[in-house]
Amino acid sequence: MTDTYNNASGSDTSTPALTLSTAEEMLGTVVMEMLRTGQEITRHGLCVKLAAKIDLSTDPALEAQLTELIGLVLKKG
């Protein structure tokens with residue numbers, strides 16, 4: 001969906017940036033996975049799950065997005 005928007009708007013998608021909607025979608029997917037397995041939703045749990053996804057990933061762009069998302073989860077303020 002985000003790629004469709006970026007392509008339609010003429011934005012360069014060769015280096016995907018973590019947009020708010022992408023971050024929300026990725027975080028939502030992780031939260032849904034955790035809820036389905038009965039895990040408690042905590043910052044620590046989210047970071048562990050995101051780190052596991054980084055570990056399993058072979059896509060450097062996805063790894064960068066997940067790393068940035070961990071930073072957002074840990075950001076205070």
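A residue counts as exposed when its relative accessible area is over 50%, and as buried when that area is under 20%. Keep those cut-offs handy for this tour. One more thing before you start clicking: what you have open is a predicted model.

**Stop 1: the whole chain**

Show the protein as a cartoon. You should find 4 helices and 0 strands, and walking along the sequence gives you the pattern α-α-α-α. Now switch on the surface. The accessible surface comes to about 5,400 Å², and carbon and sulfur atoms own 59% of that. Of the 77 residues, 23% count as buried. How much of the contact list comes from residues 24 or more positions apart? Among contacts with a separation of 6 or more, they account for 41%.

**Stop 2: His-44**

Select His-44, which sits in helix α3. Is His-44 buried or exposed? With a relative accessible area of 62%, His-44 is exposed, because anything over 50% earns that label. Now pick Val-73 too and draw a distance between the two C-alpha atoms: they are 9.0 Å apart in space, though 29 residues separate them in sequence. Hold on to Val-73, as it comes up again at the last stop.

**Stop 3: Gly-45 and the rest of α3**

Move one residue along to Gly-45, also in helix α3. Here the label flips: Gly-45 has a relative accessible area of 16%, so it is buried. Try another C-alpha distance, this time from Gly-45 to Met-34. You should get 8.6 Å for a pair that is 11 residues apart along the chain.

Next, select all of helix α3, residues 43-56. Gly-45 has company here: the buried residues of α3 are Gly-45, Leu-46, Cys-47 and Leu-50. You can also check the helix with a ruler. At 1.5 Å a residue, its 14 residues should span 20 Å, and the end C-alpha atoms are indeed 20 Å apart, so the two agree.

**Stop 4: the loop before α3**

Step back to Ile-41, in the loop between α2 and α3. Its relative accessible area is 35%, which makes Ile-41 partly exposed. Which residues does Ile-41 touch, leaving aside its neighbours within four places in sequence? Light up Val-31, Met-34, Leu-35 and Leu-46, and you have the set. You met Met-34 a moment ago, as the partner in the Gly-45 distance, and Leu-46 is on the buried list of α3. For one more distance, try Val-30: its C-alpha lies 9.7 Å from that of Ile-41, with their positions 11 residues apart in sequence.

**Stop 5: the salt bridges**

Turn on side chains for Glu-33, Lys-49 and Lys-53. How many salt bridges does the structure hold? There are 2.

Start with Lys-49 and Glu-33, whose side chains meet at 3.9 Å, N to O. Lys-49 belongs to helix α3 and Glu-33 to helix α2 (residues 20-36), so this pair ties together parts that are 16 residues apart in sequence. Both partners are partly exposed: Lys-49 has a relative accessible area of 21%, and Glu-33 has 24%.

Then look at Lys-53 and Glu-33, which form a salt bridge at 3.2 Å, N to O. Lys-53 is in helix α3 and Glu-33 in helix α2, so here the parts tied together are 20 residues apart in sequence. Lys-53 is partly exposed as well, with a relative accessible area of 28%. Since the bridges share partners, Glu-33, Lys-49 and Lys-53 join into one network.

**Stop 6: helix α4**

Finish at helix α4, residues 60-74. Zoom in on its start and select Asp-59 with Ala-61: a side-chain oxygen of Asp-59 reaches to within 3.1 Å of the backbone nitrogen of Ala-61.

Now for the ruler again. The 15 residues of α4 should span 21 Å at 1.5 Å a residue, and the end C-alpha atoms are 21 Å apart, so this agrees.

Last, colour the buried residues of α4: Gln-65, Leu-66, Leu-69, Ile-70 and Val-73. They cover an arc of only 145° around the axis, which puts them on the same side of α4. Spin the helix to look down its axis and find that side. And there is Val-73 once more, the residue you paired with His-44 at 9.0 Å, C-alpha to C-alpha.

Key: Residues numbered from 1 in each chain as written. Predicted model: local features only at pLDDT ≥ 70, side-chain atom pairs only at ≥ 80, totals over all residues. Heavy atoms only, no water. Helix = DSSP H or I, 4+ residues; strand = E, 2+ residues; numbered from the N terminus. Buried < 20%, exposed > 50% of the residue type's maximum accessible area, 1.4 Å probe, protein only. Contact = heavy atoms within 4.5 Å. Areas by Shrake-Rupley, 256 points an atom, 1.4 Å probe, with all protein chains shown as cover. Expected span 1.5 Å × (residues − 1). Arc of directions from axis to C-beta. Polar contact = N/O pair within 3.5 Å; in protein donor to acceptor, adjacent residues only side chain to side chain. Salt bridge = Lys/Arg side-chain N within 4 Å of Asp/Glu carboxyl O.
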